Amino acid sequence: MGTEPVHGRLVVLLLFALLTASPAFAQIDLAGSWGATNNEDLAGDSVPVDYTGVPLNPEGRIRALSYNESQYSMIERQCQGLPTFYFVQGPFGIKIWSDTEPVKGTTIAYTVGAWENRAPFVIWMDGRPHPSKYAEHTRGGFTTGHWEGNTLVAYTTHMKAGFIRKVGPPISDETTMTTRFYRHGDVLTVLAIVEDPIYLAEPQIMTRSFQLQTADLSPVGPPCVSAYQGRMPGESVPHFIPEQNPFVDEMTTRYGVPRDAALGMPETLYPEYRKKMKPGAARPGVCTINCVAAPPPANR
Amino acid sequence: MMRRKTRLAACIVLAWCVAPAAADAQGRGGAAAPPAAAKASAPVDLTGYWVAFISEEWRYRMVTPPKGDYRGIPLTPEGTRVANTWDPAAAEPEPCKAYGAPAIMRIPGRVHIVWQDDNTLRLDTDAGTQTRAFRFSSAAAPAGPATWQGSSTARWESAGRGTGAGSLTVVTTNVRAGYLRRNGVPYSENATVTEYFDVAPHPAGGQVLIVTTVVDDPRYLQRPYIVSSHFKKEGDGSKWEPSPCTAAW
């Protein structure tokens, strides 16, 4: 008789367990070598003034127009690298691996391997907090992550000021990024939302897909070695007076892109901007440069 | 008594472990219960108005690229040959060729997603005034002539009971041959389109819809053509503006 209350409590517990149990392993495996398909041109770096699709505010646009790619000839800038989110824009695949705690087997961090111009992207999963706002900013920034269902969500702070596109549109060191990794079989789609209160008029949204491959990708890039390329340390920084940038109309003459769009005016990122464009004004000629990225081998 | 308690405790642990699997089996339509309607079992809400946010490939999507600009598209020699026959000066007899299922999600415009019935999700586009029907039924798609939007079957990918997360997978076949890119880059009637629909929160408080599109075309593509497009959710249809297909872009 004395066992009945205990029995009853256990039955209630049993029912509770049945009703509230959730999957033991909701996460999916992201580790592996994910090849670049390069079916999309996300870099947008073939023309010096191509800010199409970047919602710049006036300050960001002026900074961008002042940029001269010859800055990369300066020894002190050759190895400055690119922000973490360049892995969503650049041409290479990514290698992802996890670091596990040796006793419990829990995941401490996921790492997206580096390229030669991008630092490793380490996503801490162990609950550690972001550093103080006074802490050092690095090229890779500081990132924490968690799972939402089957989606890995990462949040990055403490990045250095840099570029949101290699041709000059800037980001400040106040930039943050939220990244989501969606795996669908052998396809991995990454969403990156970049927020910068200094240079962007609204959050920038980027998505890119990778395909799982068996060939192993390198987890590190080759070391960057700076060398003399015509400019001595301390010489002037190559730049343009913003309103005198000689490349401001190149997107228009080459591709029929209106100047407002080439300069990253925020309204040009929405479909209704097409109404402001003259019908047929951008009727193309024949492509003469950067036309083919993936021709069949037989054509070469 | 201790042995009984131990057995009951073991039962609790066992139940905790097997409950999700049992629930999933039911969700997959086990013999014990009929499958829930797709609308009722949706792990995410895709309905509403969504506007394309053209932050990528602006020059391929908002203007017609030059003839011969196939950058990024893994064309076969036959695909290249066909793309080279495109004449930008000629009148296009079929203006909807760039609005077919393999390319429609790249078109600058808005999409409106609603439940047509309990097992059919409908996606309308204002640009080109196209309608896609995503059928969750396992029955074969009705036979008929190929259309721009083809026949689509859909299924949910749930992240697990109670997680409030998941995505939609759509497979489309029976499409009319058309253009992957406005400048005459082709896909054939043999193309198969696999799409994954995911949602994420937007920092400003709304939502982002991410559509990953995988186009397989044994005739014109050497390997799958994979692109991802994104949309921002809008509160209502006040900016919805249907317009016919046009080749004069």
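## Worked exercises on a two-chain model

Among the elements that cover the buried residues of α2(A) is β8 (170–171) of chain A. The exercises start from that helix and go on to the barrels, the core and some single residues.

This is a predicted model, in which local features need pLDDT of at least 70 and side-chain atom pairs count only at pLDDT 80 or more, while totals for chains, interfaces and linings use all residues. Residues are numbered from 1 along each chain as its sequence is written, and chains are lettered from A, with ligands numbered from 1, in the order in which they are written.

**Exercise 1. Find which residues of helix α2 of chain A are buried, and then do the same for helix α3 of chain B.**

Step 1. Helices here are DSSP runs of H or I with at least four residues, strands are runs of E with at least two, and both are numbered from the N terminus. A residue is buried if 20 or more other C-beta atoms lie within 10 Å of its own, exposed if 12 or fewer do, and partly exposed in between, with C-beta atoms placed from the backbone.

Step 2. In α2(A), which covers residues 58–65, the buried residues are A:G60, A:R61, A:R63, A:A64 and A:L65.

Step 3. In α3(B), which covers residues 77–84, the buried residues are B:G79, B:T80 and B:A83. They lie on the same side of α3(B), because they cover an arc of only 100° around the axis, the arc being that of the directions from the helix axis to the C-beta atoms. The buried residues of α3(B) pack against β9 (185–187) of chain B, where a contact requires C-beta atoms, placed from the backbone, within 7 Å.

**Exercise 2. Trace the closed barrel of chain A and follow the pairing from β5 to β10.**

Step 1. The closed barrel has 9 strands, in the order β1-β2-β3-β4-β5-β6-β9-β10-β11, with mixed pairing, and two strands count as paired if DSSP finds at least two bridges between them. From one strand to the next the twist averages 30°, given axes that are lines fitted to C-alpha atoms (for helices, over the stretch in contact) and angles that run from 0 to 180 degrees between N-to-C directions.

Step 2. Strand β5 (residues 142–148) pairs with β6(A) in the antiparallel sense over 7 bridges, and A:E148 stands opposite A:T151 in β6(A).

Step 3. Strand β6 (residues 151–157) is joined to strand β9 (residues 176–184) by 5 bridges, again antiparallel, with A:Y155 partnered by A:T178.

Step 4. Strand β9(A) continues to β10 (residues 187–195) through 9 antiparallel bridges, among which A:R183 has A:L188 as its partner. These two strands form a hairpin with 2 residues between them, and A:G185 in the turn has a positive phi of about 65°.

**Exercise 3. State which strand gives the most residues to the largest nonpolar core.**

Step 1. A nonpolar core is a set of buried Ala, Val, Leu, Ile, Met, Phe, Trp, Tyr and Cys residues joined through C-beta atoms within 7 Å. The largest one has 108 residues, and those that touch the most other members are A:A192, B:L46, B:L180, B:L209, B:V215 and B:F231.

Step 2. The strand is β10(A), which gives 7 residues to this core.

Step 3. Leaving aside neighbours within four places in sequence, A:A192 is in contact with A:F85, A:V88, A:M177, A:T179 and A:M206.

**Exercise 4. Decide whether A:H158 and B:E57 are buried or partly exposed.**

Step 1. A:H158 lies in the loop between β6 and β7 (162–163) of chain A, and its phi is near 60°, a positive value in a residue other than glycine. This residue is partly exposed, because 19 other C-beta atoms lie within 10 Å.

Step 2. B:E57 is found in the loop between β1 (48–52) and α2 (58–61) of chain B, and its phi is also positive, near 50°, in a residue other than glycine. B:E57 is buried, because 22 other C-beta atoms lie within 10 Å.

**Exercise 5. Determine where in chain A the pLDDT is below 50.**

Step 1. The pLDDT is the predictor's confidence in each residue, from 0 to 100. Its mean over chain A is 87, and 87% of the residues reach 70 or more.

Step 2. The pLDDT is below 50 over residues 14–26, a stretch that has 25 contacts in the model beyond near neighbours in sequence. It is also below 50 over residues 294–300, where the corresponding number of contacts is 12. Where pLDDT is low, the predicted coordinates should not be read in detail.

How values were computed:
Contact = placed C-beta atoms within 7 Å.
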